[in-house]
Amino acid sequence: MKSPKEIISEIKQTLPPDIKLVAVSKFHPASMIEDAYAGGQRLFGENHVQELQQKHEVLPKDIEWHFIGHLQTNKVKYIAEYVHLIHAVDTHKLLMEINKQAEKHNRVIDCLLQLHVAQEETKFGFTPQELLDYVEQGEWRALKNVRLCGLMCMASNVDDKKQIASEFEQANTIFNKLKSEYFNNEDCFAIRSWGMSDDYPIAIEYGSNMIRVGSKIFGPRVY
Ligand SMILES: *Cc1c(COP(=O)(O)O)cnc(C)c1O
């Protein structure tokens with residue numbers, strides 16, 4: 001069996017140079033992260049606060065921790081000191097809390113807004129119209145300890161490649177619209193976080209520049 005670091009190196013050889021790879025290590029032990037780390041990987045993604053806390057404590061401090069899943073408002077405080085990027089901001093309330101906790105640590109936390117483009121009803125995120133309205137309305141501008149850096153989305157969990165492609169394409173169109181209308185002078189607003197183990201090649205065709213890959217690197221998760 002190949003090790004995480006070998007698989008990461010194989011994936012990276014196929015990626016265009018401007019694409020960042022977040023290795024999604026949720027449910028996998030710190031030892032597997034250490035293997036990937038030894039191969040040079042520094043971006044890791046987690047989606048449970050407690051698990052992230054434990055890993056952050058024992059693993060090297062130059063890891064960039066990405067919080068990729070749904071984040072509960074009452075848990076922001078536990079990760080605010082060190083989290084590198086929060087991918088799935090889906091309410092103003094959450095963004096306000098991130099801002100408040102970031103301020104306590106005298107830092108600015110980078111965030112992505114989560115866009116809901118998938119068919120599944122269970123997934124979190126702003127619908128396209130909600131997202132456009134939210135950005136237009138501008139309440140986020142008052143928050144000085146968070147920085148909006150782009151969008152994140154997940155495609156439907158289906159085999160139909162056309163369906164997946166059309167969802168990523170929609171996300172890309174909305175990103176470009178927001179970029180040109182509201183963030184043209186903000187260099188930081190540049191991240192398109194879409195694509196996972198099964199669909200990242202399609203995501204890259206439709207503008208992704210940050211992929212979040214878990215099971216392909218670390219194997220199946222045991223929940
Ligand atoms: C688990 C997870 C991933 C990684 O999924 P894989 O299919 O294992 O690559 C990516 N993004 C989010 C938001 C996740 O929760």
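Does Asn172 count as buried or exposed, and at what relative accessibility? At 17% relative accessibility, Asn172 counts as buried, because buried means under 20% relative accessible area, exposed over 50%, and partly exposed in between (1.4 Å probe, protein chains only). The legends below start with the whole chain and end at this residue.

**View 1. The whole protein chain, shown as a predicted model.** This is a predicted model: local features need pLDDT of at least 70, side-chain atom pairs count only at pLDDT 80 or more, and totals for chains, interfaces and linings use all residues. Residues are numbered from 1 along each chain as its sequence is written, and side-chain values use heavy atoms, without hydrogens and water. The protein chain has nine helices and eight strands. Helices (H or I, at least four residues) and strands (E, at least two) are DSSP runs, numbered from the N terminus. Along the principal axes, the C-alpha atoms fill a box of roughly 50 × 45 × 30 Å.

**View 2. Packing and surface of the protein chain.** Buried residues make up 53% of the 223 residues. Contact means heavy atoms within 4.5 Å. Of the contacts with a separation of 6 or more, 58% join residues 24 or more positions apart. The accessible surface comes to about 11100 Å², and 48% of it belongs to carbon and sulfur atoms. Accessible areas come from the Shrake-Rupley method with a 1.4 Å probe; for residues, only the protein chains shown count as cover.

**View 3. Polar contacts of the ligand.** A polar contact is a pair of N or O atoms within 3.5 Å; within protein, one must be able to donate a hydrogen and the other to accept it, and residues adjacent in sequence count only if both atoms are side-chain atoms. The side chain of Arg212 places an N or O atom 2.9 Å from a nitrogen atom of the ligand. A backbone N or O atom of Ser215 is 2.7 Å from a ligand oxygen atom. The side chain of Arg221 has an N or O atom 2.7 Å from an oxygen atom of the ligand. Taken alone, the ligand exposes 390 Å², and the protein buries 91% of that.

**View 4. The shell around the ligand.** Among the 13 residues around the ligand, Lys26, Ser197, Gly214, Ser215 and Arg221 come nearest. A residue is near if one of its heavy atoms lies within 4 Å.

**View 5. Asn172 and its surroundings.** Asn172 lies in helix α7 (residues 161-182). Leaving aside neighbours within four places in sequence, Asn172 is in contact with Arg192, Trp194, Tyr206 and Gly207.
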